[in-house]
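Grab a pencil and open the viewer. Below are a few exercises, each with a worked solution to check yourself against.

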Amino acid sequence: MEWLQSVLKHSPEILLFLSLAIGFWIGKFQMGKFQLGGVAGSLLVAVVLSLIGVSVDNGVKSILFALFIYAVGFESGPQFFKSLGLESIKEILLAGFMAICGLITVLIMAKIFHLDKGLAAGLAAGGMTQSAIIGTAGDALSRLDLPVDEISRLQANVAIGYAVTYIFGSLGAIIVCSNILPKFMGREIRDDAIKAQSELLKGAIELAPGQEMAMPEIVGRIYKVQQAAGKSIGSLEAEAGSITIEKLKRKDQLIDASADTILQADDVVLVVGRRPAVVAMSAQIGSELQSSTGMEMVMDTTDVILKHSKYINRTLADLKANTPPYLKHGIYIISIKRNGEKIALTDDVVFQRGDIVTVYGTQSDLARVIKEGGQALPESLKTDWVFHGAGIAVGLIIGLIVVRVGGIPLTLGAGGGALLSGLVFGWLRSRNELHGNMPLAASQLLRDLGLAGFVAAVGLQSGLQAIQTIKESGLSLFLIGVVVTIVPLILTMLFGRYVLKYNNVAVFAGALSGARSANPAFGEVLDKAGNSIPTVPFAITYALANVFLTLLGPVIVGLA
């Protein structure tokens, strides 16, 4: 064991990544409908590996958590600021109710089992996974009119209570938020997350990477000219309205296709456009061909940032009717995004400066539109670390700010600061998408590695101390911590369902995990949701919980 310790002390990150590997492997197993998940699995494995006696530096833990919570905030920033207002009152009440339930539960347990002020505060810190309580309770204890030795003993008990109860504090929140809550609501998190996303997209379908529609909106078909012989290309395009004849072959020779070109019998044409109009063209042009040599064509899709003033504050119908034919020829608008959200593509939609318009067409047609309308949004697999490095740094600086209210120190901490910064920088990105690129895969990596790595580091740090304390004091303190973890969660779950009327389990799970500042639980909820729906309610309740729960430290010291 000494040899192993000496080796691992030089490279403690081995234990960190071993916890992740084994933890995610264990997390894949299912018992009925229950699945532990990678985050909880990593935590349990890290506790076992903590018996080796090698921990990970605090700086590593802080960095990993900052990456996770910043990525979460960045992704949900546009929705978060849009959601602020009266519709957030449920999240405010939920976070406040959770804090009150936690306070009452801790005080009752301390009274029944004759716990001193230090152990009571430690129970709150660990059982409700709010590490900041250690600091606020320790500061409050130092102000008591007691001998120095007694104050030191009580402050040590805060750490002991925290160490014993933190592990189940994290695990219990995961179980309640990601397993018990869906069973209680009678629905799956994933199903409700998809439903909420569909409502948010107003009927539009958001495809994941690698997915495509079985019946795409824009299609190409090859027709042999029969009925349309003698008609010009321009007249056919004008009649259909949503098609373009992109290629023309006559007697096995490709010829230029212009609006004035007159079609002849047996010509072969490539028609591109919106599916209903292209399919309908068979009756006007002639029979469809499955293929024809030389009629292949590559089309592109480009995002354009709308900047030109002559297209601002005009409806889509106006642009269709009054844009010169040469300019709109071969161009199809696929979608419009504003402040990071898709808006309904209807004729009465009004274009605004900064809208992201996704257009489809040939390279030459797209180049014309980009020059006329604004600026192409470049696609990149690289993360803009100038933008995001600054964002994380700003968040950590915000976390250092301490405001004292009535002698009680209040701070967002590194996690709250990084979350707030992520929200703001995500909103800034939605306002100007030329900066702050973060591919979906990069964001997912930050969330997965950041959260699982953070809880594994916590397990490696506090697992051994928790096990030793349980051996010394028996299971009583641990079981009291179980009550402190579960009771406030269950009561708040009932309050949210029957009083606040939460109906969507994905939204409710995000709000519930945030109200408990339960980051591991939120990670599991996010994983089960498969999209970012739980992040907005989590962001609101998490920010409030960092204040409400932190205040419990001095309150418990004063009342226990």
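## Exercise 1: Helix 6 and its ends

Ten of the eleven residues of helix 6 (residues 117–127) are buried, so the helix is largely enclosed by the rest of the structure. Keep in mind that this is a predicted model.

**Task.** List the buried residues of helix 6, then look at what sits at its N-terminal end and just after it.

**Solution.**
1. Start with the roll call: Gly118, Leu119, Ala120, Ala121, Gly122, Leu123, Ala124, Ala125, Gly126 and Gly127 are the buried ones.
2. Go to the N-terminal end, where aspartate 116 acts as the cap. One of its side-chain oxygens is 3.0 Å from the backbone nitrogen of glycine 118.
3. Now step off the other side: threonine 129, just after helix 6, has a positive phi of about 45 degrees.

## Exercise 2: Into the core

**Task.** Find which residues have the most contacts inside the largest nonpolar core, and work out what leucine 512 touches beyond its neighbours within four places in sequence.

**Solution.**
1. The largest nonpolar core counts 104 residues, and Tyr70, Leu94, Leu181, Leu512 and Ile556 have the most contacts inside it.
2. Helix 8 (residues 148–185) supplies the largest share of this core, with twelve residues.
3. Zoom in on leucine 512: with those sequence neighbours set aside, its contacts are Leu94, Met98, Val176, Cys177, Leu181, Leu489, Thr492 and Met493.
4. For the wider view, 82% of the protein's contacts with a separation of 6 or more join residues 24 or more positions apart.

## Exercise 3: Cysteines

**Task.** Decide whether cysteine 101 is buried or exposed, do likewise for cysteine 177, and count the disulfides.

**Solution.**
1. The cut-off for buried is under 20% relative accessible area. Cysteine 101 comes in at 8%, so it is buried.
2. Cysteine 177 has 0% relative accessibility, so it counts as buried too.
3. The disulfide count is zero.

## Exercise 4: Annotated spans

**Task.** Take two spans that the unreviewed UniProt entry annotates as "transmembrane region", residues 12–29 and 93–113. What is the helix content of residues 12–29, and of residues 93–113?

**Solution.**
1. Residues 12–29 are 83% helix and 0% strand, with end C-alpha atoms 27 Å apart.
2. Residues 93–113 are 95% helix and 0% strand, and their end C-alpha atoms lie 30 Å apart.
3. To place these spans in the whole, note that the protein has 22 helices and 14 strands, and that 50% of its 560 residues are buried.
4. Last, the accessible surface: about 25,800 Å², with 62% of it belonging to carbon and sulfur atoms.

Methods. Residues numbered from 1 in each chain as written. Predicted model: local features only at pLDDT ≥ 70, side-chain atom pairs only at ≥ 80, totals over all residues. Heavy atoms only, no water. Core = buried A, V, L, I, M, F, W, Y, C linked by side-chain atoms within 4.5 Å. Buried < 20%, exposed > 50% of the residue type's maximum accessible area, 1.4 Å probe, protein only. Helix = DSSP H or I, 4+ residues; strand = E, 2+ residues; numbered from the N terminus. Contact = heavy atoms within 4.5 Å. Areas by Shrake-Rupley, 256 points an atom, 1.4 Å probe, with all protein chains shown as cover. UniProt positions renumbered as here; feature names shortened; annotations may be inferred. Polar contact = N/O pair within 3.5 Å; in protein donor to acceptor, adjacent residues only side chain to side chain. Disulfide = S-S within 2.5 Å.
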